[in-house]
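This report concerns salt bridges and the two sides of a helix. Please keep the sequence and the structure in view while reading.

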Amino acid sequence: MSATPEKILLCVSGTTPSIITETFYFVAKLRQPNFIPDRVIVITTTQGKDKIEKELFNTPRFKNMCHANDWDENCFNLQDVITVKSKMGIELEDIRTPEHFHDFADTLMNQVKELVNPHRARPCIIHASLA
């Protein structure tokens, strides 16, 4: 018997974390059929991560939305906020150059490759939001 696929919401976010909560709410509540994520993964810059931490983890905003709708608030944690790194391993503050765009694309595609790896313990279904 195969494992139930993990539902993953994969988001790209800049410095506006509301795109994460709005997308989560849409796919979990308004989309038919509902897609209630088991896990939320976000690709962003260091500026974006700081804003996400400040607005979604240091306030009850995300938890309140989950509680109000009987969703698991633990599906999203700071460990799953992935910052784009340059080829030299330096986390990017912002995406400013063509090289930074390549670094962003590499980070995103490496994350997708990791999620769809056939040797992964649990298969997954990905809903992606590329804002």
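On one side of helix 4, the residues Pro98, Glu99, Phe101, His102, Lys113 and Val116 are exposed. Exposed means over 50% relative accessible area, buried means under 20%, and partly exposed lies in between (1.4 Å probe, protein chains only). Helices (H or I, at least four residues) and strands (E, at least two) are DSSP runs, numbered from the N terminus.

The model is predicted, and local features need pLDDT of at least 70, side-chain atom pairs count only at pLDDT 80 or more, and totals for chains, interfaces and linings use all residues. Residues are numbered from 1 along each chain as its sequence is written, and side-chain values use heavy atoms, with hydrogens and water left out.

**Helix 4**

Which residues of helix 4 are buried? They are His100, Asp103, Thr107, Leu108, Gln111 and Leu115. Viewed down the axis of helix 4, these buried residues fall within an arc of 130°, so they line one face of the helix; the arc is that of the directions from the helix axis to the C-beta atoms. The buried residues pack against strand 1 (6–12), strand 2, strand 3 and strand 4, where contact means heavy atoms within 4.5 Å.

The length of helix 4 can also be checked. With 19 residues at 1.5 Å a residue, helix 4 should span 27 Å, and its end C-alpha atoms are 27 Å apart, which agrees. The expected span is 1.5 Å times one less than the number of residues.

**Salt bridges**

The whole structure holds ten salt bridges. A salt bridge is a side-chain nitrogen of Lys or Arg within 4 Å of a carboxyl oxygen of Asp or Glu. Three of the pairs are listed below.

| Pair | Closest N to O |
|---|---|
| Arg122 and Asp38 | 3.8 Å |
| Asp103 and Lys87 | 3.3 Å |
| Arg96 and Glu93 | 3.8 Å |

Arg122 lies in the loop between helix 4 (98–116) and strand 4 (124–130), and Asp38 in the loop between helix 1 (18–30) and strand 2 (39–44), so their salt bridge ties together parts that are 84 residues apart in sequence. Arg122 is partly exposed at 33% relative accessibility, and Asp38 is partly exposed at 37%.

Asp103 belongs to helix 4 and Lys87 to the loop between strand 3 (81–83) and helix 4, so this pair joins parts 16 residues apart in sequence. Asp103 is buried, at 6%, whereas Lys87 is exposed, at 65%.

In the remaining pair of the table, Arg96 is exposed at 53% and Glu93 is partly exposed at 42%. In addition, Lys51, Glu55 and Arg61 are linked in a network of salt bridges.
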